[in-house]
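Please open the model in your viewer and keep the sequence panel beside it. The tour below suggests what to select at each stop and says what is there.

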Amino acid sequence: MYSEIIHTRCGDGIDIKKNQAPVPGGGIGGFKVYSCTCNVTDDDFVDLQFLDKVLSEKQSYADPTFMDDAYLYYVPDIGNRILVNFHPIHFDRTVKGGSYPRRPGNFINQGFMGRFDDLYPYETFGNHSVWDAQERGEAFYYENAPTPLPQRDNLSDEIGNIGLDDIASFVADGRRDVLKSAIAFLVGQYDLPPEERKFLVIRDEDSRHLELWIAAIESAFSPRMASGLSFATRLDKFTNNNKYTVNLNGRYQPTIDLQNPDQKLRYRAMIVGVDGQDRTNNAAVRVLPNSPYVILDGKTKTLSAQVEASNPFYHYVTGFDDGHSYFCREFMQTVDLSSPSSNVIKLFVAYSKLESYGSFPVLKDVVSGLNTLSHYRLIKTPYLENLYEKIKATLSGYLKEDAALAFSVLNWLNKAAAVVGDTAAAESFQRIVCQSFASNVFKSPRSEKTAELVEIVGASSFVQEAAAHLTSEATVQEYQNYMLAYKSDDWVRFSEIFASSLRNMRGVREMLSNSAREVFTNSIKALYGERDGQGALKVADSYYKINPTDTVDTLLSDAGSSSDANYIGFILQLICRISPETVSSDRALSNFRHQLQGYRLDGYFSNVLAFKARQLTRPQEMESFLDNVLSDREFAGMDMSPILSSLDKNLVVSDKAAAKVAAKIQNNNTGRANCVNSAHICALSVIDDKRLAEAVLPLVNSLIAQGFPSVEDAAYADMLMKKLFASKVSEEVFAVIVEASERSRFYADRIVGEAFQYLGSRQEGIIGEVIAAASRMNGGNLFNALVENCAAVKQFDKGMSAIRSTLRTKGEQQYFALVERDAAALRGKNKSGSMFGRFFSHGSSGDSNSSRWGKK
């Protein structure tokens, strides 16, 4: 809708600054507003001070030689845009009579106010159905009292005096390059704040050329963008009159004061035409330092400034063909941009992606184009409706090709649907999203595309519906066969997505749905079967964060239906891991045991106690915990082996404070648990305890059966050597410990090295005992330790002789002969600097007896 106003010499008129109050003519009349549409004076419909000023101004003309109309288009900060037609009225001295005073110098300023979103202002040039005020004649405005002017629906029913062919011919006549530069200049200026801009002055031989220049520039943009491009086909005294100021609210200020910080500079027109017939204003057009304008010279077809205009956009919008018109009038009109800016470059790239193919473009190009459009508010246009329908028809194919990438297409469609009025689209898009989301998640949970899709859906408006569809029983059953083929990593990732979808559903769920329970238990069983405890922990924790109580119930129900003791133990310890409060106190343990009774799982409570035991690290805590378990009647007859093993794993063999708890672990071990750390600790007190008499050897053998000695702890090894080589240790106990050290190179080296400390002393017979034990074990660790220690003896021959004297049997002598031979070879290689042969296997392939001693 457009509102109208007429300013001319008339009888009666109105004052728009006083709410259209009547202004009597007073006989001879004068220049004033004759009439206007009623809403012109409504609050902020237009900046009335500015409107009153521009309507009262006369533009340059010379009667009768220079009487062309001028067109002035203003874009004030406040209210609607203003398009004015200045029409000078020829004074004919020959006309006589009439009821109005005939005087020279009359003109009519007819203006329209509105948004000008749907037409280019140049389309009104020369259109007498629009500019009809001049058709009524001078007498009309004296002889008729003013009445309100009606609003007009549009201004473009008829074409003015400039068409696309006219512009094309004009530009083709050597003007295209300078036109591109002029457009690029204005685009750059509109990217600046208004007070920092320069304007464009176009100087040419006549009004027709000036109108064509402006039409060509406007045509580089959409009508909506062009509505923000102010111009004047001529503006008298433009060097001064083009400037004005506004206050901080954008309202016109009658007096310019640029020293006032509350005033900001504005230009009435960003394009000012200077007609070759207008001598005064022609003389004012000069290239000056720091000039507020640049000059387009229509005669020389040059621009006074260097402007970068090589972007393909500028070539395209100066072609004036069907493609150019379609891009500007249809495509760019779809976005809500009401002034020129560098956004046109981005939009041209988007247009190229969306429209550059004979068939519809490939997905990546569609996404690129629509991503650009998504940054702007869309306007319902025939182009948008057509684009929407084309993409909507192709959406399913795009989603099958790449759901994650295509989701941005769907998001755009969802927003565009509201603009084009497709009220039924939401349900259709929702169904498409849900199906695509479920298909990708179930079929390829670990793919990068699925990960992208999950992230995109999670941030979209479809998240609730997609989550509900994914977790529904029908969907789970539909994709059951795909889950049967899952590997461990598939289950973990799928469960994370599934659990996240449960969290995304509306409302607080009191219980996991049947489908969620089924998926949950299937995933835990699969991960148990693949021995992926960490994966199972991640999955269980995901569900626990949704509903702790129901997660534990689901796990216990599953365990209660199983006959696999190991699986039940696995489930119970999984619960302890995701719910540490279950074992946080004695009361919590008791409550959990009673809970297990409800599932007939209380017989497996030792698994829970074992988990608790693993949390203890201080010997005093371990001892107290073990005492409580042993003294509790409820635990009588319970298998203690998992608990004892768990406590044992946290013992440090060199920690003297652990002796008491280690003894209790060993005393309560029925042989089902392998408690290697407590075995080491107890060995220190057992091996030389005379009170045990003949029971020492069986006890030591039981400790050896649990892995003693094998734990590599230097401090502990030092303590063991002191005990082992003391005179209190019996020969039998010494022998079995030396034999047991064969399975640990660490202890074999320690024992042999310690024995060789006695070489040359009264106790050197201990070396013979070590060799005797080594010969019985017939292994590599003791043999190599003996070879290295023999090779290190300084007086080798004397030392070897002394050692041979400690041997008791022929078998020991034969065994040591091999040791001595390899030690001599090692000494020889060490003297030659070679490090080869530092580590020997037992025996030698060149010795006929070497096979008796076996291999390492």
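Two strands count as paired if DSSP finds at least two bridges between them, and the strands themselves (E, at least two residues), like the helices (H or I, at least four), are DSSP runs numbered from the N terminus. This is a predicted model, in which local features need pLDDT of at least 70 and side-chain atom pairs count only at pLDDT 80 or more, while totals for chains, interfaces and linings use all residues. Residues are numbered from 1 along each chain as its sequence is written, and side-chain values use heavy atoms, with hydrogens and water left out.

Begin by selecting residues 3-10, strand S1, where eight of the eight residues are buried (under 20% relative accessible area with a 1.4 Å probe, protein chains only). Add residues 107-114, strand S7, which pairs with S1 in the antiparallel sense over six bridges; here His7 has Asn109 as its bridge partner. Then add residues 30-36, strand S4, which runs antiparallel to S1 and is joined to S1 by six bridges, with Gly30 standing opposite Cys10.

Next, select helices H29 (659-667), H30 (676-686) and H31 (696-705), each of which supplies at least two residues to the lining of the largest pocket. H30 gives the largest share of that lining, five residues. Of the 18 lining residues, Ala663, Ile681, Cys682, Ser685 and Val686 lie nearest the centre of the pocket. Colouring the lining by class shows 10 nonpolar, six polar and two charged residues.

Methods: 1 Å grid on protein atoms, 1.4 Å probe; cavity = no way out; pocket = protein on both sides within 12 Å on 5 of 7 lines; lining within 4 Å. Nonpolar A, V, L, I, M, F, W, Y, C, P; charged D, E, K, R; others polar. Buried < 20%, exposed > 50% of the residue type's maximum accessible area, 1.4 Å probe, protein only.
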